[in-house]
Amino acid sequence: MDARVPSISDYIARAEAKLGGVLGGACRVAVYHEINKDLLKIISEIEDERFRSELRYSERELTIRSKKRGFTCFIVYLDERPIAFVFGFDDPEKGAYFSDSAATLIERKGIGSILTALETCYCLEKGYTSEKMITEDLDESGRRLVEYWGRFGFYVTRRDPKIGVEMRLELTPEVVKELLDKYLP
Ligand SMILES: CC(C)(COP(=O)(O)OP(=O)(O)OC[C@H]1O[C@@H](n2cnc3c(N)ncnc32)[C@H](O)[C@@H]1OP(=O)(O)O)[C@@H](O)C(=O)NCCC(=O)NCCS
């Protein structure tokens with residue numbers, strides 16, 4: 001393995017320690033590649049609280065997504081209560097990973113950034129060369145999402161009024177290392 005490529009398990013341990021300190025409890029980060037009833041419930045409950053209705057996935061839509069090649073979901077637990085997730089799967093473009101959805105019940109404590117850093121680390125380790133996503137400039141709560149993702153190096157590739165704002169991050173060991181050094185030093 002390239003010595004510059006960090007190991008995801010080390011960074012998960014760092015994330016658990018950092019979030020445990022910030023949030024004042026025991027933090028655990030779990031990675032899933034299959035969906036079950038418990039995981040559906042976790043994602044749905046967080047989505048219900050964080051997304052307006054048209055952006056929420058139904059259990060059927062989540063199940064369809066979970067069957068896509070490369071499906072990977074990170075869940076953050078605080079004292080065994082699920083508080084955040086990010087999930088994605090292989091994009092139709094070769095070598096690209098599509099990061100489909102992310103949300104946290106506790107905002108502005110660094111959970112979103114840490115999940116993004118972990119996801120890029122995971123993707124690099126798995127051999128993906130880019131990450132893609134679709135977002136919007138501003139959500140109904142005034143979150144500037146394009147700006148938010150821009151912080152991690154994602155750049156806009158397309159704006160489509162029907163689909164949203166497509167963004168992309170090229171994954172290189174340097175890019176991922178920079179994110180990990182920033183969010184999980
Ligand atoms: C978007 C979201 C995942 C961000 O997670 P978070 O844990 O609050 O983000 P962080 O605490 O890691 O913040 C990261 C940076 O973004 C900034 N930031 C966070 N929320 C922001 C907001 N609403 N507007 C502008 N900047 C914001 C933080 O100040 C921080 O900046 P820094 O790196 O300079 O310190 C979270 O707000 C959320 O769950 N939103 C609802 C669901 C959603 O919109 N998901 C994304 C769909 S594309």
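The protein chain in this predicted model has 6 helices and 7 strands. Read from the N terminus, its elements come in the order α-β-α-α-β-β-β-α-β-α-β-β-α. So much for the parts list; next comes the overall build. The C-alpha trace spans about 40 × 35 × 30 Å along its principal axes. For 185 residues, a compact globule would be expected to have a radius of gyration near 16 Å, and the protein chain, at 16 Å, agrees with that. Of those 185 residues, 33% count as buried. Contacts across the sequence are worth a look too: taking the contacts with a separation of 6 or more, 60% are between residues 24 or more positions apart.

Now to the strands. The 7 strands form an open sheet, and going across it the order is β1-β2-β3-β4-β5-β7-β6, with mixed pairing. At the edges stand β1 (27-32) and β6 (155-160); each has a single partner strand, so one side of each is left without a neighbour in the sheet. On average, neighbouring strands of this sheet are turned by 25° against each other, if direction is ignored. One pair can be followed in detail: β3 and β4 run antiparallel to each other and are joined over 7 bridges. Within this part of the sheet, G88 sits opposite S99 in β4. A helix also meets the sheet here. Helix α2, made of residues 37-50, lies across β1, β2, β3 and β4, and it runs at about 100° to β3.

The loops hold a few residues worth picking out. E80 is found in the loop between β2 (72-78) and β3 (81-90). The phi angle of E80 is positive, near 70°, even though the residue is not a glycine. Is E80 buried or exposed? With 9 C-beta neighbours inside 10 Å, E80 counts as exposed, because the cut-off for that label is 12 or fewer. R108 tells a similar story in another loop, the one between β4 and α4. R108 is not a glycine either, yet its phi is positive, at about 60°. R108 has 8 other C-beta atoms within 10 Å, so it is exposed.

A third loop residue, S141, lies between β5 (130-135) and α5. S141 has 8 other C-beta atoms within 10 Å and is therefore exposed. How far apart in space are S141 and R50? Along the sequence 91 residues separate S141 and R50, but from C-alpha to C-alpha the two are 9.7 Å apart.

That leaves the ligand. There are 19 residues around the ligand, and the ones that come nearest are A103, E107, G112, S113 and R143. Which elements give two or more residues to this shell? They are β4 (96-104), α4 (111-126) and α5 (145-150). Sorted by chemical character, the shell residues come out as 6 nonpolar, 5 polar and 8 charged. Strand β4 thus turns up in several places in this account: it pairs with β3, it is one of the strands that α2 lies across, and it gives two or more residues to the shell around the ligand.

Notes. Residues are numbered from 1 along each chain as its sequence is written. This is a predicted model: local features need pLDDT of at least 70, side-chain atom pairs count only at pLDDT 80 or more; totals for chains, interfaces and linings use all residues. A residue is near a molecule or strand if its C-beta atom, placed from the backbone, lies within 6 Å of it. Helices (H or I, at least four residues) and strands (E, at least two) are DSSP runs, numbered from the N terminus. Ala, Val, Leu, Ile, Met, Phe, Trp, Tyr, Cys and Pro count as nonpolar, Asp, Glu, Lys and Arg as charged, and the others, Gly among them, as polar. A residue is buried if 20 or more other C-beta atoms lie within 10 Å of its own, exposed if 12 or fewer, and partly exposed in between; C-beta atoms are placed from the backbone. Two strands pair if DSSP finds at least two bridges between them. Axes are lines fitted to C-alpha atoms, for helices over the stretch in contact, and angles run from 0 to 180 degrees between N-to-C directions. Two residues are in contact if their C-beta atoms, placed from the backbone, lie within 7 Å. The radius of gyration is taken over C-alpha atoms; the globule rule is 2.2 Å times the number of residues to the power 0.38.
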